[in-house]
Amino acid sequence: MKRFVFVLMAALIGTPSAVLPHAHLMRSTPQDGSRFSAPIEAIVLSFTEALEPLLINVTLFRDDKAVSGLSQPLLADNGRTVTISLPHLSAGLYTVSWNVVSIDGHRTEGKFKFVYWGP
Ligand SMILES: [Cu+2]
């Protein structure tokens, strides 16, 4: 029995939980830190794993104020790419704040910024 427990523990400890697929942000449009003057119509987030469609939260802030009028998230690429259509943006410093749950049940979150200085 003792031996069995030891083997079981070893198996559990040996499980490479770090490689279980969390949904990490692979790339985004706009990119983090980007500056541009041409209007954009959408935010696109590409993740390393498929997402739970009902547990996608993306908020866009201009300065510290949430921007209203964002569309519901649209999933593509087998659930790994999220597109959110934007209303007309005025020039400013924007922050995209996101949190998602991958299909293995793990939540990840992050934020990134961009500057829009166009019309
Ligand atoms: Cu995970």
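Strands here are DSSP runs of E, at least two residues long, numbered from the N terminus. The model you have open is predicted.

**Stop 1: the whole chain**

Show the cartoon. Look for one helix and nine strands. Along the sequence the helix comes before the strands, in the pattern α-β-β-β-β-β-β-β-β-β. Of the 119 residues, 13% count as buried. Now turn on contacts between residues at least 6 apart in sequence: 66% of these join residues at least 24 apart.

**Stop 2: the loop after β1**

Select Thr-29 and Pro-30. The peptide bond between them is cis, with omega near 0°. Pro-30 sits in the loop that runs between β1 (25-29) and β2.

**Stop 3: the open sheet**

Next, colour β2, β9, β8, β4 and β5. They form an open sheet of five strands, in the order β2-β9-β8-β4-β5. Pairing in this sheet is mixed. Which strands lie at the edges? They are β2 and β5 (65-66), each of which pairs on one side only.

**Stop 4: β2 against β9**

Select residues 34-36 for β2 and residues 107-116 for β9. These two strands run parallel and share three bridges. Pick Ser-34, and you will find its bridge partner Phe-114 in β9. Then pick Arg-35. It stands opposite Val-115, again in β9.

**Stop 5: β8 against β9**

Keep β9 and add β8, residues 92-101. The sense of pairing here is antiparallel, over ten bridges. Trp-98 is a good residue to label: its bridge partner in β9 is Gly-110. Now follow the chain round the hairpin of β8 and β9. Five residues lie between the strands. One residue to check in this hairpin is Gly-105, which takes a positive phi near 90°.

**Stop 6: the largest nonpolar core**

Hide the cartoon and show side chains. The largest nonpolar core has 14 residues. Select Leu-45, Phe-47, Leu-51, Tyr-94, Val-96 and Val-100, the members that touch the most others. Where does the core draw its residues from? β3 (42-47), β8 and β9 each supply at least two. Which strand gives the most to this core? That is β8, with four residues.

Centre the view on Val-100. Setting aside neighbours within four places in sequence, its contacts are Ala-23, Phe-47, Leu-51, Leu-55, Ile-56 and Thr-108. Two of these names, Phe-47 and Leu-51, you have just selected among the core members.

**Stop 7: two loop residues with positive phi**

Go to the loop between β4 (57-62) and β5, and select Asp-63. Its phi is near 55°, a positive value in a residue other than glycine. Is Asp-63 buried or exposed? Asp-63 has 8 other C-beta atoms within 10 Å. A residue counts as exposed at 12 or fewer. Asp-63 is therefore exposed.

Move on to Asn-78. Find it in the loop between β6 (74-76) and β7 (81-85). Asn-78 is not a glycine, yet it has a positive phi of about 55°. Why does Asn-78 count as exposed? Because it has 9 C-beta neighbours inside 10 Å, and the cut-off for exposed is 12 or fewer.

**Last view**

Bring the cartoon back and centre on β9. On one side, β9 pairs with β2 in the parallel sense. With β8, β9 pairs in the antiparallel sense. Both pairings belong to the open sheet you coloured earlier, β2-β9-β8-β4-β5.

Notes: Residues are numbered from 1 along each chain as its sequence is written. This is a predicted model: local features need pLDDT of at least 70, side-chain atom pairs count only at pLDDT 80 or more; totals for chains, interfaces and linings use all residues. Two strands pair if DSSP finds at least two bridges between them. A residue is buried if 20 or more other C-beta atoms lie within 10 Å of its own, exposed if 12 or fewer, and partly exposed in between; C-beta atoms are placed from the backbone. Two residues are in contact if their C-beta atoms, placed from the backbone, lie within 7 Å. A nonpolar core is a set of buried Ala, Val, Leu, Ile, Met, Phe, Trp, Tyr and Cys residues joined through C-beta atoms within 7 Å.
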